[in-house]
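Hi,

Here is the structure I promised to pass on to you. Have a look at it first, and my notes follow below.

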Amino acid sequence: YLSTLNDSELSDFLRVADIHHVSVRALQVVADAADTLGHPQLARWCESALTTERARIERAIGFLERICQALEAGGCNVSVIKSLDHWPDLGSDLDLYTSGDEHTVARVMTEEFNAEREPRSWGDRLANKWNFSIPGLPELVEIHVQYLGQTGEHLDLARRVERCRLAHRPAALLGRPKVVNRLPVVLRVPEAAALVERALRGALR
């Protein structure tokens, strides 16, 4: 089916994949199928799109590491939340949580990255989060400060995030670049459950 689409229709396909954060995974499947079924033009299109998307992700992850380092150096403990849930894909923004204060966060982001604070909605104010735009980084950096949830209702959860943040978890990040392993990532529920299940199976052997 995809081999019959024109450039505009393929762009629509890629846009839908991007909305659902599956661009890399979808393109990999299509590229493999195109090679197997003998559609070289579609395979080349997939490889070109994959190269572009992987370059975007690599650049964003590089910024993410620098941002985490800068905030930590400024005295703000920070955790990456949600952004890596779709790996090897990456969402349209970079999500962080910090237990630091908003003034330090703003100072670090502006001084270290020349970032600009985006206008805040009422939801942003209730959730106590800020969005920053950084020159050279297409993705916005969304930082939740001391609270989590749509209205900042999860103070206890935010404290647990602070306690559960892990700087190194190669088992959970198997197959991801070394730079990702260095990020202070919080395990999402499915990954945490998988790790617990593996540990229990090992204990029962």
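Glu 53, Arg 56 and Glu 139 are joined in a network of salt bridges. Please keep in mind that this is a predicted model.

Taking the network one pair at a time, Arg 56 meets Glu 53 through their side chains, with an N to O distance of 2.8 Å. Both residues belong to helix H3, where they sit 3 residues apart, about one turn of the helix. The other partner of Arg 56 is Glu 139, and here the closest N and O atoms are 2.5 Å apart. Since Glu 139 is in strand E5 and Arg 56 in helix H3, this pair ties together parts that are 83 residues apart in sequence. Are the two glutamates buried or exposed? Glu 53 has 12% relative accessibility and so counts as buried; Glu 139, at 3%, also counts as buried.

A search of the whole structure gives 6 salt bridges. One of them pairs Lys 129 with Asp 124, with 3.9 Å between the closest N and O atoms. Lys 129 is buried, its relative accessible area being 14%, and Asp 124 counts as buried at 10% relative accessibility.

Now to the nonpolar side. The largest nonpolar core has 42 residues, and those that touch the most other members are Leu 71, Leu 96, Met 109, Ile 134, Val 141 and Ile 143. Two or more core residues come from each of helices H2 (23-37), H3 (40-73) and H4 (102-113), and from each of strands E1 (78-80), E2 (93-98), E4 (129-134) and E5 (137-145). Which element gives the largest share? That is H3, with 14 residues.

Ile 143 is a good residue to click on in your viewer. Apart from neighbours within four places in sequence, Ile 143 is in contact with Leu 71, Leu 96, Val 105, Met 109, Trp 130 and Phe 132, as well as with Thr 98, Asn 128 and Lys 129. That last residue is the Lys 129 that forms a salt bridge with Asp 124.

Finally, a word on confidence. The mean pLDDT of the protein chain is 80, and 76% of its residues reach 70 or more. Over residues 167-175 pLDDT stays under 50, and the model has 19 contacts beyond four places in sequence for them. Residues 189-205 also stay under 50, with 8 such contacts in the model.

Happy to talk any of this through with you.

Best wishes

Notes:
Residues numbered from 1 in each chain as written. Heavy atoms only, no water. Core = buried A, V, L, I, M, F, W, Y, C linked by side-chain atoms within 4.5 Å. Buried < 20%, exposed > 50% of the residue type's maximum accessible area, 1.4 Å probe, protein only. Helix = DSSP H or I, 4+ residues; strand = E, 2+ residues; numbered from the N terminus. Contact = heavy atoms within 4.5 Å. pLDDT = per-residue confidence, 0-100. Salt bridge = Lys/Arg side-chain N within 4 Å of Asp/Glu carboxyl O.
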